[in-house]
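Student: Could we go through this protein together, one question at a time, before I try to describe it on my own?

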Amino acid sequence: PPHPATAAPARSPPPGGLVFPPNPPDAIARLVNGRLVGDPDATVSTIAPLHRAGIGDLTFLASAKYAALLEASAASVVLIAPDLEDSPGTARARVVVTQPHEALLALLPRFFQPPPRVPGIDPSVRLGRGVRLGRDVTIGAYAVIGAGATIGDRAYVDAHCDIAAGVEVGADTRLFPGVTLYSGTRLGERVIIHAGARIGSDGFGYVFRDGAHAKIPHIGRCIVADDVEIGANTTIDRGSIDDTIIGAGSKIDNLVHLGHNVRVGRLCLIMAQVGVSGSARIEDGCIIAGQAGLGGHISVGAGARIGGQAGVFGDVPAGESWSGYPARPHRTALRAQAALFRLPALLKRLERLLGASSDS
């Protein structure tokens, strides 16, 4: 037998107790409206990327630059784009589909089925006076729910969550472990908040008076509409006097900070480490890439796109793409960056000209 140090590693168990039922390729082809080529008996039960897919795995190929990985892959079934259908490879079956990435999204719920949630309240949970619990709720160990809070039907509050007095949590909402909801927070239905997020904390507001920074009391709310997802360790402040509002269907990544009175429209995407200062307005359908910073009291128009690490200090018109620091229209930012990169060569030429002039 091979030495343990050189033996092939065992397949990792499914994460989180997920169940992987077997799937024949003809069923996969029907589900994604694809065309099956090859062995209809090549059953698969897991999904894996090309570089580590093995027997019993489903993988995908959507770009020619990864075709060499398919040739070396031991995957049993591959989702493959039509123009790559004849790429070399040993997969027993191929499902030809126009958009393999999108097809994969359709398949993931079929392959990765979480175990059923069992409603109930752990004995260690602390419930304040007047808490209202909906039907079939699940509340994990050591969660604390303050007086007068409302938990909607089928909501899932995981271990060590802290829900302050008067908070409203909508139906079918999922709070992962360690989420904190301050007073004044209201969550809609089907909201997902990942571990460690802090929602409704005080914003950064002070007035310098009598030689000290006097804190501005925050009495506004933090309102999160239906179908919003908020990433791990993200912080969203409550309003000072106005409300902080996150529009329906918006998705916010990990490690994002939204200041007090910020308003995010519907169906926005805000990536990791974005910071938005107080009272900024982000209209419907905006995309803000990672590490961008937005100043306070500005407006980003509907459908606008902000590039990664951009510094936005003024209003962005609807539908435009801005990038750079300070942010400007993307093409202008690219030209400015290109000009900056040409400076060293121009300086050298100028130094040579000045040197020749002084010699003469």
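**The sheet, a pocket and the confidence**

Tutor: In this predicted model, strand β1 and strand β5, which covers residues 93–96, run antiparallel and are joined by 4 bridges.

Student: Which residue in β5 stands opposite Val37?

Tutor: Strand β1 covers residues 35–38, and the partner to look at is β5, residues 93–96. Across from Val37, the residue found in β5 is Arg94.

Student: Which are the edge strands of the sheet?

Tutor: The sheet is open and has 5 strands with mixed pairing, in the order β1-β5-β4-β3-β2. An edge strand here pairs on one side only, and that description fits β1 (35–38) and β2 (46–47).

Student: Which helix packs on the sheet, and what angle does its direction make with that of β3?

Tutor: The helix touches β2, β3 (57–61) and β4 (77–80), and it is α3, residues 100–111. Taken with the direction of β3, the direction of α3 makes an angle of about 160 degrees.

Student: How many charged residues are in the lining of the second largest pocket?

Tutor: This pocket, with a volume of about 160 Å³, is lined by Arg117, Arg154, Tyr156, Asp172, Thr173, Arg174 and Phe176. Sorted by class, the lining has 2 nonpolar residues and 1 polar residue, and the number of charged residues is 4.

Student: Over which residues does pLDDT stay under 50?

Tutor: The protein averages a pLDDT of 91, and 93% of the residues score at least 70. The stretch you ask about has 13 contacts beyond four places in sequence in the model, and it covers residues 1–19.

Methods
Residues numbered from 1 in each chain as written. Predicted model: local features only at pLDDT ≥ 70, side-chain atom pairs only at ≥ 80, totals over all residues. Heavy atoms only, no water. Pairing = 2+ DSSP bridges. Helix = DSSP H or I, 4+ residues; strand = E, 2+ residues; numbered from the N terminus. Contact = heavy atoms within 4.5 Å. Axes fitted to C-alpha atoms, helices over the stretch in contact; angles between N-to-C directions. 1 Å grid on protein atoms, 1.4 Å probe; cavity = no way out; pocket = protein on both sides within 12 Å on 5 of 7 lines; lining within 4 Å. Points joined across faces, edges and corners; volume = space filled by probe spheres on them. Nonpolar A, V, L, I, M, F, W, Y, C, P; charged D, E, K, R; others polar. pLDDT = per-residue confidence, 0-100.
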